[in-house]
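Student: Please take a close look at one buried position in this model and describe its surroundings in a connected way.

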Amino acid sequence: MAKNSESKNSESKSSERSGARLAVVQALYDMEISGKGVIEALAEFETFWIGREVDGIAHPQAEIAFFRDLLRGVVDEQRAIDPQLDGALAAGWPLKRIEAVLRAILRAGAYELMYRRDVPARVAISEYVDVAHSFYDGDEPGLINGVLDKVAREVRGNEFAGLPASGRA
């Protein structure tokens, strides 16, 4: 029975981390279009969005410490993240030309790959592809997969030794 309980706790933590990733992307987008700062975005999302139903849309629970780390980290490390993403994007398509939600997903994913070594690279990539599916029905999740795969191979090559590249970007 203890094993079943551990499994549920693990699933709950995983689900709350997924919720944190989605909330971070939403907060980064909101910050970009509204000009809000990190402190204001953290307070707003923790108070009014995370784990609540807003306008008939249920926002998932989120691991708050993980949410805070991701949001602050993306903002604090943006000067290192953006050039890494520019290098992974197709020539002629710098990050600044990418739509704002995609840019938020890429920045959050790159932050995790570059600075959260406790999260396996393949898990981070998969999670942000899932986030992209929350917003897009077209080719955008494939773009996220390809770009984050390139970033991961650059910053965590040891996790990909002997594996073929995704081939997308």
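Tutor: Ala152 counts as buried because its relative accessibility is 0%, where buried means under 20% relative accessible area, exposed over 50% and partly exposed in between, with a 1.4 Å probe and protein chains only. This is a predicted model, in which local features need pLDDT of at least 70, side-chain atom pairs count only at pLDDT 80 or more, and totals for chains, interfaces and linings use all residues. Residues are numbered from 1 along each chain as its sequence is written, and side-chain values use heavy atoms, with hydrogens and water left out.

Ala152 lies in helix α7, residues 140-155, helices being DSSP runs of H or I with at least four residues, numbered from the N terminus. Leaving aside residues up to four places away in sequence, Ala152 touches Leu113, Ala121, Ile125, Gly157 and Phe160, a contact being heavy atoms within 4.5 Å. Pro120 is 32 residues from Ala152 along the chain, and their C-alpha atoms are separated by 9.9 Å.

As for the wider packing, the largest nonpolar core has 50 residues, and Ile144 is among those with the most contacts inside it; such a core is a set of buried Ala, Val, Leu, Ile, Met, Phe, Trp, Tyr and Cys residues joined through side-chain atoms within 4.5 Å. Helix α7 is one of the helices that each supply at least two residues of this core, while α5 gives the most, with ten residues. Ile144 itself touches Leu102, Ile105, Leu106, Tyr128, Val129 and Ala132, again not counting residues up to four places away in sequence.
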